[in-house]
Amino acid sequence: MQMGKSDISGWMVRPAGRYPWVALAAVLGALAAHTARAAPDGGMDNAIVVRAARTWLAGGDPYDDPHFLYLPSAVLAAVPQAVLPPAVLRVLVPAAVTGLLVLGWACALRLHRVALGSRLAVLGLTGLAAGFAPFGHLVRLGNWTVTAAVALPLCLLLAGRGRWTAAGAVVGAAIALKPLLAPLALLFLFAGRRRALGVLVLVPALASAGAALLMPDPAGFFTRTLPFLLRGDDGFVRLYEASLAAVLPRAGVPRPLAEGAALLAAALGAACAYRRWRRAGPGPLRLAETAAGLMLSAFLVSRPSYDHYLLVVLPVLLAGLPYAGSVARRPWFWLALVPQLPGLTWPYLETGRRRAFKDAVTLCALAWTVAHQAVRGRGGPEPEAARAAYTGGAGRPVRAPTAPF
C-alpha cells in the first residue's frame, strides 16, 4: 500500500516521544493507586475467589458461595493470595490487573506487527485506560476476566506465528482459571487444528478434575454453579448483565422470546465469524476478527455477561487500526464505544443499576460491526511503516513467522 503523509497509518506506527509515555504512566499509576486506596480487599470480584480459597483451606466447600462461578482449578490458583495479608492484596491486585492489561495490549500490537514503542502503542493504551470505562471497572473489581484479556491476544499471536499447539495450551490455561474463552474452540475447528484443540480441552479438564478431587464436593461446579448460571435468576447479578438474554426481559420482552432472540443472534454471529475465516485476507486481521466475532457472539447470550468482558476483544480489534479495511476503521466501531465514556451520564440511565442497558448497546453495536465486516469487509494489506518496523527496515522479518494457514 502506498502511503503518503496524509495517511494516518504511517503516523500511528512511528515511534512515540517521551511525554506520551509519561502521561500513560500517570494514568495507569493513578488508576492502580486509587483502587488500592478504595478497595481494601483488592477488588470485590477477586475477593470472591480468594474467599473461596480460604474456605477450602479451612476445610469448607467453596461452592457454598453462589457467586463463586469458577472451575475448581481456580480455587487452587487463588491459594497464594489467600495466605497473603489484606494490606499486601490491596496493593498487589490492582497493580497485577493493570500490568496484565498492559501485557494483553502488547500482545495485540505484536499480533498486528505494530512496534511496542509506536504512537499507537502509547496512545491506544492511554485511550483505553482513560476513555473506556470498563477498563477502570476491571481494575477496581480485580475480576479474573483479565486472564482472558491476556490469553486471547497471546493465543492469536502464537497462532499467527504457526504455534497452534502453544496457543491451545494458553487458552486451556485461561479456561482453567475462568471459562470465558471456551468459544475460541471454534477458531481451532475452523483452522482444522485438531491437536491444538485437544490440548485446549485437555489442559482445563485435567486441571479441574485434579482440583475437584481435593474439594469436599467434587461435583459442586456441575450440581450447583452450572444450574445457577443456566437459571440466571440472581437479582443482584442480573442488574449488571449486558447480554440480550438478560437485558431484553428487563425492557419488557418475555423471557422465552428474549432468550430465543439472543440464541439466534449468537448463532448468526458465529456463522459470520466462520465466513470471515473462510474469506481469508491478511493473517492478523483474519485471526483477530474471527476470534472477536466468536467471543462477541457468545457474550450476546452468555449468563453472566459484563461490560469488562469487552476488554477481551477490544484490544485485538483496536490494534488493527493501521490496516486499511480493518474493523477499527469503521464508524460504528467508534460509535459503539461512546456509551462507555467515563463521566458521561445518559438520561434515564443515571443509576448504576441501569448501566447494563448502555453496556448492551455497546455489545450489540460491536457485534454487529464485526459481523458486517466479516460478510462485507475487505481487509487491506498491512501499512508499509508497520511492515518496516516489523522487518527492522532491512526487507526481511526479524523473526520469520511460520505460515499458519
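Which helices each supply at least two residues of the lining of the second largest cavity? I began with this question and found that α6 (86-111) and α7 (119-131) do so. I worked on a predicted model, in which local features need pLDDT of at least 70, side-chain atom pairs count only at pLDDT 80 or more, and totals for chains, interfaces and linings use all residues. Residues are numbered from 1 along each chain as its sequence is written, and side-chain values use heavy atoms, with hydrogens and water left out.

**Entry 1: the second largest cavity**

I took helices as DSSP runs (H or I, at least four residues; strands are E, at least two), numbered from the N terminus. On a 1 Å grid over the protein atoms alone, a cavity is a set of points where a 1.4 Å probe fits but cannot get out, a pocket is an open set with protein on both sides within 12 Å along at least five of seven lines, and lining residues have an atom within 4 Å of a point. Grid points are joined across faces, edges and corners, and a volume is the space filled by probe spheres set on the points.

I searched the whole structure and noted four cavities of 30 Å³ or more. The second largest cavity holds about 60 Å³ of space. Its lining includes L101, W105, L125 and F135, and α6 gives the most, with three residues. I counted eight nonpolar, one polar and no charged residues in this lining. For these classes, Ala, Val, Leu, Ile, Met, Phe, Trp, Tyr, Cys and Pro are nonpolar, Asp, Glu, Lys and Arg charged, and the others, Gly among them, polar.

In α7 I listed the buried residues (under 20% relative accessible area; exposed is over 50%, partly exposed in between; 1.4 Å probe, protein chains only). Among them are L120, V122, L125 and L128.

**Entry 2: an aromatic pair**

I recorded Y70 and W144 as an edge-to-face pair, 5.9 Å centre to centre with 70 degrees between the planes. Rings of Phe, Tyr and Trp (its six-membered ring) pair if their centres lie within 6.5 Å; planes under 30 degrees apart are stacked, over 60 edge-to-face and the rest tilted. Y70 lies in the loop between α3 (44-57) and α4 (72-77) and W144 in the loop between α8 (133-141) and α9 (145-160), so the pair ties together parts 74 residues apart in sequence. I found Y70 buried at 6% relative accessibility and W144 buried at 8%. Both belong to one aromatic cluster with Y63, F68, F221 and F222.

**Entry 3: the largest pocket**

I noted about 1,300 Å³ of space in the largest pocket. Of its 46 lining residues, L69, L229, R303, P304 and Y309 lie nearest its centre.
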